Each structure stands twice: as C-alpha cells, then as structure tokens.
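Trainee: Please take me closely through the interior of this model. I should like one connected account of the empty space inside and of the residues packed there.

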Amino acid sequence: MKRHMHLNLFIHSRGHHEAAWRHPAASPLSLSDIRYYQALAQQAEAGLFDSLFLADQLALGDDIAYGPRTALEPITVLAALAVSTSRIGLIATASTTYTEPFNLARQFASLDHISRGRIGWNIVTSWLAPAARNYGGTAQVSHAERYARAEEFLTVVRGLWDSWAADAELDDRAGGRYANPTRIQPLNHEGTYYRVAGPLNLPRCPQGRPVLVQAGSSDTGRAFAARHAEAVFTAQTEKTSAQAFYADLKARVVGAGRGTDQALILPGLSPLIAASEVEAQRLSEELSALTNPDVGRKRLSGRFGGHDFSHLPLDTPLAPDDFPAPSTVEAARSRTEVILELVRREQPTLRQLLARLAGARGHHTCAGTPEQVADLMEEWFTEGVADGFNIMPPVLPAMLEVFIAEVIPLLQRRGLFRTAYEGETLRAHYGLAAPASQFSSPTLGG
Ligand SMILES: Cc1cc2nc3c(=O)[nH]c(=O)nc-3n(C[C@H](O)[C@H](O)[C@H](O)COP(=O)(O)O)c2cc1C
C-alpha cells in the first residue's frame, strides 16, 4: 500500500494568525463556547484528519488586552470532543512540571476509555516563565531540570498505565468477581522527584497507553523525543531546516532502538489558501494590517524568557547580537533557535520579523492556491522532510474549510491521503504498534 501522510489539526484561538481572532472570516462564537471546538472537531473528522490537538499555557499572557491564546482547559475540552466525534484522534497538552503523574495518568486513561482509544498526550515541560508563580514557585524551573523531571514523570505514568493487565477487569456478575488482583501490580516508584505506590485505580485503557506526542526540539528535547515520542510536532520555518531536523531525529530514534515509523514527524504548516496567488497575498496583507507590533514585541519577549526588546527600532535590520544566545534561554529554547536562524538568513527588520511570527509563531507559513499548497505538502512528504503535517489554519474555521474542500481532495487524488478511516483508534490512524505490557498474555499461561 502506498504510504499516506498523517494530518493533525492544531486548534488555536480563532486561527493561528495573531490577528485571526478579530478577522471577519473567524468564528462568531466565544472561545469559551464548547460548540466552537465541537464544530471544528466534526469538520476535521469529516475531512478524515488523523487527529486534532489543543495546546495549553498555565498562566495568563500579559498581552491579554490585545488578543486571546488558550481559553478552556484542554483535558476538559477533550472529554467533550470525545463524545461529539467517533473516529478522529484527540490530543491534549499537559505539563510534566506542574502536575502529579498519578493525576495525569488517571485523566488520560479515563479519556482513552471515554473516546474508545483515540487519545494522545502532548508532553510538555511548560516553557512560559510566569506559570511557576501559579504553582507555588517564584522563578522558572530551569530547562535542564524540567526535562529531568519529565523523564521520571514519564517513567511513572507509563508504569501506572501498565499496572493493569488487559484481562484484569472480569466484571463477572454471576460469579461475584469484579477484578483479578493477580493481574494488577503496584508500581512502588521512589525517585528523585516522585514517590508513587500505584497501581492505577482504573482498568487498562483501550490503546494500552495513550499515544505519546512531544514538541520540544532543543538537543535535550530531541533526545527525549527519540526515547519516547510516537508523534513529534516541530516548528520549522524552512524546508532545509525541517529536513535536517527530520534526519537528525529519525537517526536518534534508531539510536534509541526504535523503528523510524514508530515516531512520526509532523512539522507545523499554516496555509493561507485562495483561488489565486494574488487573492492569497491580499488576505495575508489584510491579516497583517490587523496586528499590533507592541503585542508582537511582548510575545517575542516571552519566548526569550522575558528578555527586553523595547529598545530595538522597528525598521532597522536585526542582527543576531540583538538576541540572547539560545543556550542561555530557560524558556522555549528551540523556538529561539528558529527565530535566530531566520534573523541570520534574512536580516529582517523587527517589524518584518514580528509580521513573520504573527503568521504562525515561527512555523512554516505559505500563501497560495490549493494546488500550490498540495505541491508543497507532497514535496515535503516525499523528500524526507515530514511524515505528515500539523495543520495550523491561519483563520478558523474559514481556512480549515477551504483546506478540507480544496486541498484534501488533491492529496487523495495523488494517492497521498486516506479516502476513508480504516482503524478505530489513534494508534491505528498513525500506524503505531500496541505498547508492550509487563503482563504475559493469559493464553500463554501468564
Ligand atoms: C506544535 C507545538 C506545540 C506546542 N505546544 C505547547 C503547549 O501547549 N504548551 C507548552 O508549554 N509548550 C508547548 N510547546 C513547546 C514545547 O513543548 C517545548 O516546551 C518548548 O519548545 C521548549 O522545549 P525545547 O527547548 O526542547 O524545544 C509546543 C511546541 C510546538 C512545536
């Protein structure tokens, strides 16, 4: 069978463009109205997307006066979407820095039951500095410590998900036996950051464990992804850097003893689609005209852990020296690398850089016809750049609708995308193996 690309819909605000929330083509619904997310999920399912994804931040942005980010808490939203859809995979972000592994293991296992096996967890360490102050801390937990914690957190969560054998729940009403305790094992984890006895207090979930997704692309982030991630989201401005990332991460996955097809790489793509290039360009300018450079400056500062860019003039070409070295940034380190690479390559003015970042925060943006978008996707997919895409419509729902109506049929005609769902679970859509269990199969005498 011909290899198919995987498509994830990244739902963010009323679209990924910084000004989307106020554009006339954006949804009229409030961002705290669940019907907004339900409608998008149902549209994406009709378009046969593998999955959808919700990001999360654990603090209110200081730019809230000028634009929203996330509104509803994603795990809660996923529960609602699980009962409003039947096939599409559902991925929520949750932090390893600011939650307890037992809570998270229960929540995601419960969601996997509620959705009948369609859940993924985007494992983040939370880069946004002000989050620390909402969880008893005073300062950002360092990049290195966040990843060290994440490693142990994951060991615990995986252990908890694996603490029940698939056949442990008997539910034998006639015989009066609900569960077989010999098929439920405690965890007894005692590590640097966590002490967790286990076992989990609910039966093994339909997928064995939810799909593990990861989106950190620094050196430490890549090492973590190579060991654990089954799907990887990444921000790449250009094909060459995306290709280098793809080759590097796949090599690391092999180095970690895993098959390359067991870690899908899905770079972000934010396509502005119109009937002609001229119309796409006009839309792009219309959106740019709605942005505010002060908001862009604040967001840039947030990416660099609060670094002050207020002294930089808007219309002078930037140099790498205008930015702190990424290795010193304790926030979104890999995104600062993406931004610096762009500055080195193109020497934009601050105004131009902010306009680029307003498009999709450092992810790849394009503006063109459906054919041009499909061509780009085919090129990246067939030339070792991507296993599929994290689709980030600049305006929602308008640019999702046109993507589904115009681009997906082109991909299908070229044999690059499914024409019907074949499996029932997110693992099946992504072509991932069932996770190993610590329990031997009962048919083999375990
Ligand atoms: C598509 C995508 C989505 C992300 N979503 C979140 C998110 O919801 N919350 C968060 O704290 N970080 C998010 N991140 C950031 C990463 O998870 C990571 O924390 C950040 O890039 C810093 O780690 P790094 O230096 O290893 O890249 C996202 C990154 C990407 C590429």
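**The interior: cavities, cores and buried residues**

Mentor: The lining of the largest cavity is made up of nine nonpolar residues, three polar ones and one charged residue. Please keep in mind throughout that the model is predicted. The volume of the largest cavity is about 130 Å³, and I11, Y37, L54, T70 and A71 are the closest to its centre among the 13 residues that line it. In total, the structure has three cavities of 30 Å³ or more.

The second largest cavity holds about 50 Å³ of space. Its lining consists of T237, L342, R356, L357, G362, H363, H364 and T365, which divide by class into two nonpolar, five polar and one charged. Helix α10 (350–360) and strand β12 (364–368) each contribute at least two residues to this lining.

From the empty space we turn to the packed side chains. In soluble globular proteins, nonpolar side chains tend to be buried together. In this model the largest nonpolar core has 83 residues, and those touching the most other members are L7, F49, F108, W121, M377 and F403. Separate from that core is another of 21 residues, which includes L300, L318, A332 and L357. L357 has thus appeared twice, as it also lines the second largest cavity.

F108 deserves a closer look. Beyond its neighbours within four places in sequence, F108 contacts I75, A92, A94, I119, G120, W121, W161 and P210. One of these partners, A94, sits in strand β3 (residues 89–95). A94 counts as buried because its relative accessible area is 9%, under the 20% cut-off. With residues up to four places away set aside, A94 touches I75, L104, F108, W121, N122, I123 and V124. Its partner I75 lies 19 residues away along the sequence, with a C-alpha to C-alpha separation of 7.9 Å.

T96 is placed in the loop that runs between β3 and α3 (101–114). The relative accessible area of T96 is 0%, so this residue is buried. Outside the four-place window, its contacts are W121, I123, V124, T125, R146, R149, A150, F153 and Y194. W121, I123 and V124 in that set are also touched by A94.

A168 is another residue in a loop, this one between α4 (143–161) and β5 (169–172). Because its relative accessibility is 0%, A168 is counted as buried. Its contacts beyond four places in sequence are Y178, A179, N180, R183 and I184. L9, by comparison, is 159 residues from A168 along the chain, and the C-alpha atoms of the two are 35 Å apart.

Two cysteines complete the list of buried residues considered here. C205 is buried at a relative accessible area of 5%, and C366 is buried at 19%. A disulfide is a covalent bond between the sulfur atoms of two cysteines. The number of disulfides in this model is zero, given the requirement that the sulfur atoms lie within 2.5 Å.

Finally, the second largest pocket contains about 390 Å³ of space. It is lined by 21 residues, of which H4, H6, H429, Y430 and G431 are the closest to the centre. Helix α13 (residues 426–430) provides the largest share of that lining, three residues. By class, eight of the lining residues are nonpolar, six are polar and seven are charged.

Terms used
Residues are numbered from 1 along each chain as its sequence is written. This is a predicted model: local features need pLDDT of at least 70, side-chain atom pairs count only at pLDDT 80 or more; totals for chains, interfaces and linings use all residues. Side-chain values use heavy atoms; hydrogens and water are left out. Helices (H or I, at least four residues) and strands (E, at least two) are DSSP runs, numbered from the N terminus. Buried means under 20% relative accessible area, exposed over 50%, partly exposed in between (1.4 Å probe, protein chains only). Contact means heavy atoms within 4.5 Å. A nonpolar core is a set of buried Ala, Val, Leu, Ile, Met, Phe, Trp, Tyr and Cys residues joined through side-chain atoms within 4.5 Å. On a 1 Å grid over the protein atoms alone, a cavity is a set of points where a 1.4 Å probe fits but cannot get out, and a pocket is an open set with protein on both sides within 12 Å along at least five of seven lines; lining residues have an atom within 4 Å of a point. Grid points are joined across faces, edges and corners, and a volume is the space filled by probe spheres set on the points. Ala, Val, Leu, Ile, Met, Phe, Trp, Tyr, Cys and Pro count as nonpolar, Asp, Glu, Lys and Arg as charged, and the others, Gly among them, as polar.
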